[in-house]
Amino acid sequence: MRKLEIDWTPEMDALLGTKTDRKIAVDLGLPRRRVGQRRRELGILPIRYLKWTPEMDALLGTMVDQDVADELGIERSTAFYRREELGIASFGRQGAEIKWAPEMETLLGTKKDLDIAEELGLCQKAVWWRRQELGIPSLKEQNRVLPEGVLCWSGEARQIYRARRRHLREGVLNTLTYEQWKYACEWFDNRCAYCEEKAFLTEDHLRPLSDGGPRTALNIIPACGSCNSSKGPKQAHLWIYEHFGMTKGKEIVEKIVAYLTEVKG
Ligand SMILES: [Zn+2]
């Protein structure tokens, strides 16, 4: 079979590494393999290795992810993941686009988001975000008992609720209070206890849940989503050394031990 000859123009080359090879292949109507080949020939890194500069970061959250992506010539998902990683609220979430009048807000939580959206001529997501922002529970949540130590339904309350349900299912000890969790987050300067990134913090089990690890102040520390999922069901210290190396790993372990010592009192 004759090999397909491709005349790569500078415009085509300029696309490489700005989106996934698959997307570029579709855009140019070429086989994906050939796009990857050309990219490697020119020494261009795949999109997932995109280097974020402070100027690029500054754009995040100032417009919808798709506009940021278009501005930077990258994929929407790339902008989305970077924004999430840095814990920057999305443009829609900040509610910058919609002017909410008090009459509109009084509707929230009185019926389904979808029905309110239709009534106000908005999209369901916009209604959902506004309800979250104001901490108004959905109709479904109003019939549920709030987790102890929580005044109203918020993102955190939801996280606690889901975690408790999970522990109830697994039948392990579950005593972590909202105050203990807040204390843990503050102790680690609202950063991931492992990589020290400022990100949305999730409850990470030192001894994994799958291994019967309880949800107690002595077994839960704050971790970013990426560390939490990378660690998976592994024992914390083993994963730390494997992931961060001996020197940095030792530092992290010592910090966690110091925290646990303090919690033990
Ligand atoms: Zn982390």
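The exercises below deal with salt bridges in this predicted model.

Residues are numbered from 1 along each chain as its sequence is written, and side-chain values use heavy atoms, with hydrogens and water left out. In this predicted model, local features need pLDDT of at least 70, side-chain atom pairs count only at pLDDT 80 or more, and totals for chains, interfaces and linings use all residues.

**Exercise 1.** State which parts of the chain the salt bridge between Asp-21 and Arg-39 ties together.

Step 1. A salt bridge is a side-chain nitrogen of Lys or Arg within 4 Å of a carboxyl oxygen of Asp or Glu. The closest N and O atoms of Asp-21 and Arg-39 are 2.9 Å apart.

Step 2. Helices (H or I, at least four residues) and strands (E, at least two) are DSSP runs, numbered from the N terminus. Asp-21 lies in helix 2 (residues 21-28) and Arg-39 in helix 3 (residues 32-41), so the pair ties together parts 18 residues apart in sequence.

Step 3. Both Asp-21 and Arg-39 are buried (under 20% relative accessible area; exposed is over 50%, partly exposed in between; 1.4 Å probe, protein chains only).

**Exercise 2.** Find which residues join Glu-196 in one network of salt bridges.

Step 1. Lys-248 forms a salt bridge with Glu-196, with the closest N and O atoms 3.8 Å apart. Lys-248 lies in helix 14 (residues 236-264) and Glu-196 in the loop between helix 12 (178-187) and strand 1 (201-205), so this pair ties together parts 52 residues apart in sequence.

Step 2. Glu-196 also forms a salt bridge with Lys-255, at 3.0 Å between the closest N and O atoms.

Step 3. Through shared partners, salt bridges join Glu-196, Lys-248, Glu-251 and Lys-255 into one network.
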